[in-house]
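Trainee: I would like to learn how to read the helices and the surface of a protein model. Could we go through one together, step by step?

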Amino acid sequence: VSSYFAYVARDASLPITISVIMSITLGTALSQAFSLDARQTALTLVLLYAPSVTVFTYVPALRSIALTLGIYLLYLFSSLRRGAKEYDAQIEIELALLRSRAEIERMTRIDPLTGLANRREYESAYPKAWHQAARSKGDIALLVLDLDHFKALNDNHGHLAGDACLRHFARLLEDSFRRE
């Protein structure tokens, strides 16, 4: 260890080289790995590079290294900004995909004409309701409704009138029950 310090005292290029390499390595890693929090990473980069750039600026033989580190720091900032934008864009894509999947799932369980749950929703909800009633030793009820003479309504007044009738009946059901 004492021979190392004696060497450093005679030739300061080794600690300078180590300082430059560490600054570049850590700065590059920070700008790539932590781009999701761009402000904090930018502050960390400044705190990482500031001591080296400041010290090197005051030593005439090291000013070129200070300038190089300063330029590289600017590059890291632009890389950080680009990485943060790409990260934000990726998050937006993921959220849009999740919303799209949820909407498609909802559409497969809801009748588009009436807005009421369809058979697929029934097949999903009924076993859950059955098990819940069994666990709580409660009751379960199933209501099946049929609109009499609906075919005649469609034949005599047309499908648009039949659709309007179904929508009206669905609204009456929604207004009569507290749950879906």
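Trainee: Which residues of H3 are buried?

Mentor: Please keep in mind that this is a predicted model. The general idea is that an α-helix has 3.6 residues a turn, so residues three or four places apart point the same way. In this structure, the buried residues of H3 are Thr 41, Leu 45, Tyr 49, Ser 52 and Phe 56.

Trainee: Where does H3 bend?

Mentor: The bend, of about 35°, is at Tyr 49, and Pro 51 is a proline that follows within four residues. Even so, H3, which covers residues 38-58, reaches 30 Å from its first C-alpha to its last, and this is close to the 30 Å expected at 1.5 Å a residue.

Trainee: How many residues does helix H4 have, and which of its residues are buried?

Mentor: Helix H4 has 47 residues, from 63 to 109, and its span of 69 Å between first and last C-alpha is close to the 69 Å expected. Among the buried residues of H4 are Leu 69, Leu 73, Leu 76 and Leu 80, and Arg 109 is buried as well.

Trainee: Why does Trp 130 count as partly exposed?

Mentor: Residues between the cut-offs of 20% and 50% relative accessible area are called partly exposed. Trp 130, which is found in helix H5, counts as partly exposed because its relative accessibility is 46%. Together with Tyr 122, Tyr 126, Ile 140, Leu 142 and Val 144, Trp 130 forms a nonpolar patch on the surface, with about 600 Å² of accessible area.

Notes. Residues are numbered from 1 along each chain as its sequence is written. This is a predicted model: local features need pLDDT of at least 70, side-chain atom pairs count only at pLDDT 80 or more; totals for chains, interfaces and linings use all residues. Side-chain values use heavy atoms; hydrogens and water are left out. Patches are made of residues with over 30% relative accessible area and no salt bridge: like charges are joined within 9 Å, nonpolar side chains (Val, Leu, Ile, Met, Phe, Trp, Tyr) within 5 Å. Accessible areas come from the Shrake-Rupley method with a 1.4 Å probe; for residues, only the protein chains shown count as cover. A salt bridge is a side-chain nitrogen of Lys or Arg within 4 Å of a carboxyl oxygen of Asp or Glu. Helices (H or I, at least four residues) and strands (E, at least two) are DSSP runs, numbered from the N terminus. Buried means under 20% relative accessible area, exposed over 50%, partly exposed in between (1.4 Å probe, protein chains only). The expected span of a helix is 1.5 Å times one less than its number of residues. The bend at a residue is the angle between axes fitted to the seven residues ending there and the seven starting there.
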